[in-house]
Amino acid sequence: MTRSVPAIEVQDLRKVYGSGNTEVVALDGATFALAQGEIAALLGPSGAGKSTLLTAIGLINPPTSGRVFIGGRLVFEGSRAAVNVRTFRRQFIGYVFQKANLIPFLTARENVQLCLEINGASPRKARQRAMELFEYLGIAERASNLPHMLSGGQQQRVAVARALANRPQLILADEPTAALDSFRGRQVMELFRQVAREQGAGVLVVTHDHRSLDVFDRSFEMIDGKLAEATPTAAAPTEAPAFP
Amino acid sequence: MNLAIRDVRHNFARFILTVLGLGMLLMIVMGMGGIYRGLIEDATLLVDRIDADFWVVQRDTRGPFAEVSRVPLLLEDRLRSVEGVAGARAFVSHTIQREHRGLPLRVGVQGLSWPEDKGAWLPIVQGRPLAHPHYEMVADELLGLGLGEKVALGKDTYTVVGLTRAMVGQGGDGLAFFTVSDALAIQNDTPGEAIRLEREARRVRADENGIASTNPGLLEMADAPAASIPAVAPSQASAILVSLEPGADPQEVANVLNGWTDISVHTTAGQRDLLLTGSVDKARRQIGLFTAILVTISAIIMALILYTLTLDKVHDIAMLKLMGARNTMILGLIVQQAVMMGALGYGIAYYIGIWLFPRFPRRVIVVESDLVLLAVIVLFISVLSSILGIAKAMSIQPNEVLS
């Protein structure tokens with residue numbers, strides 16, 4: 001994947017739930033592109049279709065019509081997947097949700113390690129990579145703890161580590177800082193930006209947190225299923241250490 | 001990374017309790033199989049151990065274990081005269097229930113043909129076989145009698161001279177071995193008052209029909225013991241056991257005996273088959289059916305447990321799918337837990353069983369082949385019961401992680 005190819009490109013994406021009188025248009029012709037190394041915010045009120053767009057791009061919930069390209073490859077044409085979605089998700093997309101969604105019977109390190117092993121890494125390399133990410137995210141001392149022993153912020157940082165583990169080309173985050181305090185929230189947002197910069201990944205973040213908008217290269221606003229680009233935001237300088 | 005082990009470790013207490021419950025259920029399955037074996041073993045014990053070639057019984061009966069059979073003791077001598085017959089001995093078998101030490105004592109009374117058979121073939125663990133023609137008995141440990149203990153049966157008292165192990169009748173009662181004459185005395189014991197009444201009745205009958213006036217000696221004999229009165233039928237045995245001479249043709253001897261119209265002849269194998277297809281057959285089938293039902297219940301319970309465990313992990317499985325985990329990894333999680341559950345349940349069933357079964361009132365015999373068969377069944381139901389959980393896991397969509 002070269003820098004000239006957009007990390008993601010969406011063309012006239014529609015998602016319709018139900019039919020006839022019960023038809024609900026959740027996505028109404030969304031079209032946008034996100035360059036590699038670019039981080040964008042997706043804003044909008046609840047029920048506007050932000051999560052629907054994110055899950056459609058993330059190959060979790062197929063669209064009704066339209067096209068989705070990731071790294072220049074067509075992945076969805078209408079509701080038909082053009083790639084093996086499971087393999088594609090594993091290799092190219094990292095997810096962070098509002099809830100950390102950690103597997104409760106695995107330690108923090110194992111949660112990240114499993115993600116790497118699923119993608120073919122050896123246990124030794126997976127452990128090493130997980131610890132690198134934990135060092136970077138400042139939770140190395142919590143690596144052996146089970147999720148219920150971690151605070152909400154620590155859990156979310158583990159989830160971020162998991163999303164970054166396979167060095168994905170696209171990171172999709174759905175209100176990742178909703179459960180965090182403002183300091184931790186900003187840290188996570190800056191981390192995403194750093195990943196975008198250093199790894200060349202496209203990062204799309206659904207957020208309600210307007211205090212961190214300066215972190216994003218671009219902002220999109222979604223209202224009633226329609227997507228529009230908001231005023232460009234200026235990127236703030238970062239103090240974070242180099243991404244592993 | 002083995003997810004099944006990690007999940008078990010995380011929910012260890014719940015897993016152990018589940019396995020314990022399953023183990024107890026499997027122990028009952030194992031026990032039912034053992035009871036089934038015990039029933040057969042108890043039923044065929046005497047037939048197998050007594051070492052006879054032929055069982056000669058009352059004509060058209062199936063032998064003493066299937067129904068009442070009465071043959072005269074004199075039949076022994078007739079049988080000994082047949083060419084090819086090395087020996088014949090009476091077999092007396094009946095069950096009595098008397099009171100001993102203030103408690104009911106239920107005994108399977110077996111008569112040994114003295115002096116040919118003193119019970120040397122019995123599995124005596126303490127004491128000795130019979131050494132005198134009267135008032136001695138060899139009892140099974142199950143009866144709870146001690147060596148040298150005296151037991152009053154009828155008008156006589158018998159001393160326990162030997163103890164056997166695992167000699168029980170088909171009803172599960174401990175067996176006791178006496179000489180045939182003692183066994184018959186116990187069987188035909190009549191209370192003193194009944195004897196006195198019978199003697200008086202004899203006198204009245206003799207006077208009424210005038211026999212006494214023409215044959216006064218009959219009145220004197222009326223006072224004699226029942227056994228010495230010619231008119232009274234001779235003592236009878238349940239069967240006569242025949243042993244053949246080495247090299248004798250069993251078919252030829254059987255052909256001769258079958259020509260006698262007052263008896264029927266069964267081989268030991270035939271007697272065994274009659275037992276299994278006759279008196280114990282219904283109990284055997286009942287236990288077999290009950291065992292099958294228990295196995296089915298175990299499978300259903302296991303399926304429900306695994307399904308519930310899978311439901312608990314819907315979110316985690318959705319996350320695994322979102323991370324791109326292969327189906328085999330998710331299947332492995334469920335099937336490995338099912339097999340772990342089955343294997344540990346089986347182990348618990350085995351160890352509780354070997355501790356508990358000897359304490360059962362009837363014999364529970366768990367043989368290796370049954371253990372292997374149960375292990376295979378447990379493995380099979382473990383995999384089978386995980387199908388429900390697997391079906392649920394396969395139906396989980398990655399987007400459920402958002403719910």
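Trainee: How many helices and strands are there in chain A?
Mentor: This is a predicted model, so every value here is computed from it. Chain A carries both kinds of element. The count is six helices and eleven strands.

Trainee: What radius of gyration does chain A have, and what would a compact globule have?
Mentor: Chain A has 244 residues. A compact globule with that many would have a radius of gyration near 18 Å. Chain A agrees with this, at 17 Å.

Trainee: What does the C-alpha trace of chain A span, and what share of the residues is buried?
Mentor: Along the principal axes, the trace of chain A spans about 55 × 40 × 35 Å. Buried means under 20% relative accessible area. Of the 244 residues in chain A, the buried share is 57%.

Trainee: How many positive and negative side chains does chain A have, and how far apart are the centres of the two sets?
Mentor: Chain A has 27 positive side chains and 23 negative ones. Each set has a centre. The two centres lie apart by 8 Å.

Trainee: What radius of gyration does chain B have?
Mentor: Chain B holds 13 helices and twelve strands. A compact globule of 403 residues would have a radius near 22 Å, but chain B does not match that. Its C-alpha trace spans about 115 × 50 × 45 Å along the principal axes. The radius of gyration of chain B is 31 Å.

Trainee: What share of chain B is buried, and what area does chain B expose?
Mentor: Of the 403 residues in chain B, 44% count as buried. Carbon and sulfur atoms supply 60% of the exposed area. That exposed area is about 19600 Å².

Trainee: Which residues of chain A lose the most area to chain B?
Mentor: The contact takes 24 residues from chain A and 24 residues from chain B. Together the chains bury about 2300 Å², with 65% of it on carbon and sulfur atoms. Three residues account for 30% of what the chain A side buries. They are Arg86(A), Phe105(A) and Ile118(A).

Trainee: Why is helix H11 of chain B described as largely enclosed?
Mentor: Helix H11 covers residues 314-322 of chain B. Its buried residues include Val314(B), Ile317(B), Ala318(B) and Lys321(B). The helix is largely enclosed by the rest of the structure because the buried count is eight of the nine residues.

Trainee: Which residue with a positive phi follows H11(B)?
Mentor: Look just past the helix. The phi there is near 90 degrees. The residue is Gly324(B).

Trainee: Which residues does Ile396(B) contact, beyond its neighbours within four places in sequence?
Mentor: Ile396(B) lies in the segment after helix H13 (368-395) of chain B. Its relative accessible area is 1%, so Ile396(B) is buried. Its contacts beyond those neighbours are Val314(B), Ile317(B), Ala318(B) and Lys321(B).

Trainee: How far apart in space are Ile396(B) and Glu198(B)?
Mentor: In sequence, Ile396(B) and Glu198(B) are 198 residues apart. The distance in space runs from C-alpha to C-alpha. It is 88 Å.

Trainee: Is Gln155(A) buried, partly exposed or exposed?
Mentor: Gln155(A) is found in helix H5 (residues 152-164) of chain A. Not counting residues up to four places away, Gln155(A) touches Ala100(A), Leu102(A), Pro147(A) and Leu150(A). Its relative accessibility is 23%, so Gln155(A) counts as partly exposed.

Trainee: How far apart in space are Gln155(A) and Ala108(A)?
Mentor: In sequence, Gln155(A) and Ala108(A) are 47 residues apart. From C-alpha to C-alpha, the distance in space is 7.9 Å.

Trainee: Which two residues does the cis peptide bond with omega of about 5 degrees join?
Mentor: One partner, Pro115(B), sits in the loop between strand S4 (103-112) and strand S5 (124-127) of chain B. The bond joins Trp114(B) and Pro115(B).

Trainee: Is Asn101(A) buried or exposed?
Mentor: Asn101(A) is not a glycine, yet its phi is positive, about 55 degrees. Its place is the loop between strand S7 (93-96) and helix H3 (108-118) of chain A. With a relative accessible area of 9%, Asn101(A) is buried.

Trainee: Is Asp60(B) buried or exposed?
Mentor: Asp60(B) also is not a glycine and has a positive phi, about 65 degrees. It is found in the loop between strand S1 (54-58) and strand S2 (71-72) of chain B. At 58% relative accessibility, Asp60(B) counts as exposed.

How values were computed. Residues are numbered from 1 along each chain as its sequence is written. Chains are lettered from A and ligands numbered from 1 in the order in which they are written. This is a predicted model: local features need pLDDT of at least 70, side-chain atom pairs count only at pLDDT 80 or more; totals for chains, interfaces and linings use all residues. Side-chain values use heavy atoms; hydrogens and water are left out. Helices (H or I, at least four residues) and strands (E, at least two) are DSSP runs, numbered from the N terminus. The radius of gyration is taken over C-alpha atoms; the globule rule is 2.2 Å times the number of residues to the power 0.38. Buried means under 20% relative accessible area, exposed over 50%, partly exposed in between (1.4 Å probe, protein chains only). Lys and Arg count as positive and Asp and Glu as negative; His and the chain ends are not counted. The place of a charge is taken as NZ of Lys, CZ of Arg, CG of Asp or CD of Glu. Contact means heavy atoms within 4.5 Å. Buried area is the accessible area (1.4 Å probe) that two parts lose on being put together, summed over both. Accessible areas come from the Shrake-Rupley method with a 1.4 Å probe; for residues, only the protein chains shown count as cover.
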